[in-house]
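Trainee: Mind going through this model with me? I'd like to ask things as they come up.

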Amino acid sequence: MYTVINHIRVVPAHREEFEAQFRANLKHMDGVPGFMRVHVWRPTGEAKEDALYPHDAYMVQTFWESADAFQAWVGSPSFRESHREKMPDAWRGGPAMMSRHALAFGRDGD
């Protein structure tokens, strides 16, 4: 399993609009080979001014069968369509960050 995590800072006054636009945009993930699921995590607190980790950001976590499946999507028409409508600058609360991870191990709850 492979996951890609985007941290997207959104000005608090525009969080509802961001969520609505993001939710509507998820239709572009329908039928994408290797795509498993997405979790969109809403921030629950404000970041300290000196924080390196974006505690004030949404965390968008996509799950893929493999890194190859994710890379194939990045080069696809579905990817281009899902990123066509850019987030307005007025909504941005700062720079975004992205990280990629391969599953080392895991455990489901009992």
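What follows is a run of short questions and answers about this predicted model.

Trainee: Let's start with the layout. In what pattern do the helices and strands follow one another along the sequence?
Mentor: Start with the tally, which comes to three helices and four strands in the chain. Now put them in sequence order, with α for a helix and β for a strand. You get β-α-β-β-α-α-β.

Trainee: And what share of the residues counts as buried?
Mentor: The C-alpha trace spans about 35 × 35 × 25 Å along its principal axes. The chain exposes about 7600 Å², with carbon and sulfur atoms supplying 55% of that area. Out of 110 residues, the buried share is 31%.

Trainee: If I look at contacts with a separation of 6 or more, what percentage comes from residues 24 or more positions apart?
Mentor: Thr62 gives you a feel for it: this residue of strand E3 touches Tyr2, Thr3 and Val4, among others. For the whole chain, the contacts between residues 24 or more positions apart make up 77%.

Trainee: Which element gives the largest share of the largest nonpolar core?
Mentor: That core has eight residues: Tyr2, Val4, Met29, Val32, Trp64, Ala69, Phe70 and Trp73. Two elements, strand E1 and helix H2 (67–74), give two or more residues each. The largest share is three residues, and the element behind it is H2.

Trainee: Staying with that core, which residues does Ala69 touch, leaving out those up to four places away in sequence?
Mentor: Ala69 is itself a member of the eight-residue core, and so is Trp64. Trp64 turns up among its contacts too, next to two other residues. The full set is Pro33, Gly34 and Trp64.

Trainee: How many residues does the second, separate core have?
Mentor: Its members include Ile8, Phe18, Val60 and Trp91. Phe18 is one of the buried residues of helix H1 (15–25). As a general point, nonpolar side chains tend to be buried together in soluble globular proteins. The residue count for this second core is seven.

Trainee: Which strands are included in what covers the buried residues of H1?
Mentor: The residues being covered are Arg15, Phe18, Glu19 and Gln21. In general, an α-helix has 3.6 residues a turn, so residues three or four places apart point the same way. The cover over the buried residues of H1 includes strands E1 (2–9) and E3 (57–64).

Trainee: Is Thr62 buried or exposed?
Mentor: Look at its surroundings: Thr62 touches Phe35, Arg37 and Val38, among others. Its side chain also makes a polar contact with the side chain of Trp64, at 2.9 Å. Buried means under 20% relative accessible area. With a value of 13%, Thr62 is buried.

Trainee: On to charges. How far apart, N to O, are the side chains of Arg42 and Glu19 in their salt bridge?
Mentor: Arg42 lies in the loop between E2 and E3 and Glu19 in helix H1, so the pair ties together parts that are 23 residues apart in sequence. Arg42 counts as exposed at 54% relative accessibility, whereas Glu19 is buried at 16%. The N to O distance is 2.7 Å.

Trainee: How many salt bridges does a search of the whole structure find?
Mentor: Besides Arg42 with Glu19, Glu81 meets Arg84 at 2.9 Å, and Asp89 meets Arg92 at 3.9 Å. In that last pair, Asp89 is exposed at 66%, while Arg92 is partly exposed at 36%. For the whole structure, the number of salt bridges is three.

Trainee: How far apart in space are Gly45 and Phe79, C-alpha to C-alpha?
Mentor: Gly45 is in the loop between strand E2 (35–41) and E3, where it touches His55 and Asp56. Along the sequence, Gly45 and Phe79 are 34 residues apart. In space, C-alpha to C-alpha, they are separated by 30 Å.

Trainee: Last one: which residues make the nonpolar surface patch of about 280 Å²?
Mentor: One of them sits in strand E2, namely Met36. Met36 is partly exposed, with a relative accessible area of 38%. The patch is made by Met1, Met36 and Leu103.

How values were computed:
Residues are numbered from 1 along each chain as its sequence is written. This is a predicted model: local features need pLDDT of at least 70, side-chain atom pairs count only at pLDDT 80 or more; totals for chains, interfaces and linings use all residues. Side-chain values use heavy atoms; hydrogens and water are left out. Buried means under 20% relative accessible area, exposed over 50%, partly exposed in between (1.4 Å probe, protein chains only). Contact means heavy atoms within 4.5 Å. A nonpolar core is a set of buried Ala, Val, Leu, Ile, Met, Phe, Trp, Tyr and Cys residues joined through side-chain atoms within 4.5 Å. A polar contact is a pair of N or O atoms within 3.5 Å; within protein, one must be able to donate a hydrogen and the other to accept it, and residues adjacent in sequence count only if both atoms are side-chain atoms. Patches are made of residues with over 30% relative accessible area and no salt bridge: like charges are joined within 9 Å, nonpolar side chains (Val, Leu, Ile, Met, Phe, Trp, Tyr) within 5 Å. Accessible areas come from the Shrake-Rupley method with a 1.4 Å probe; for residues, only the protein chains shown count as cover. A salt bridge is a side-chain nitrogen of Lys or Arg within 4 Å of a carboxyl oxygen of Asp or Glu.
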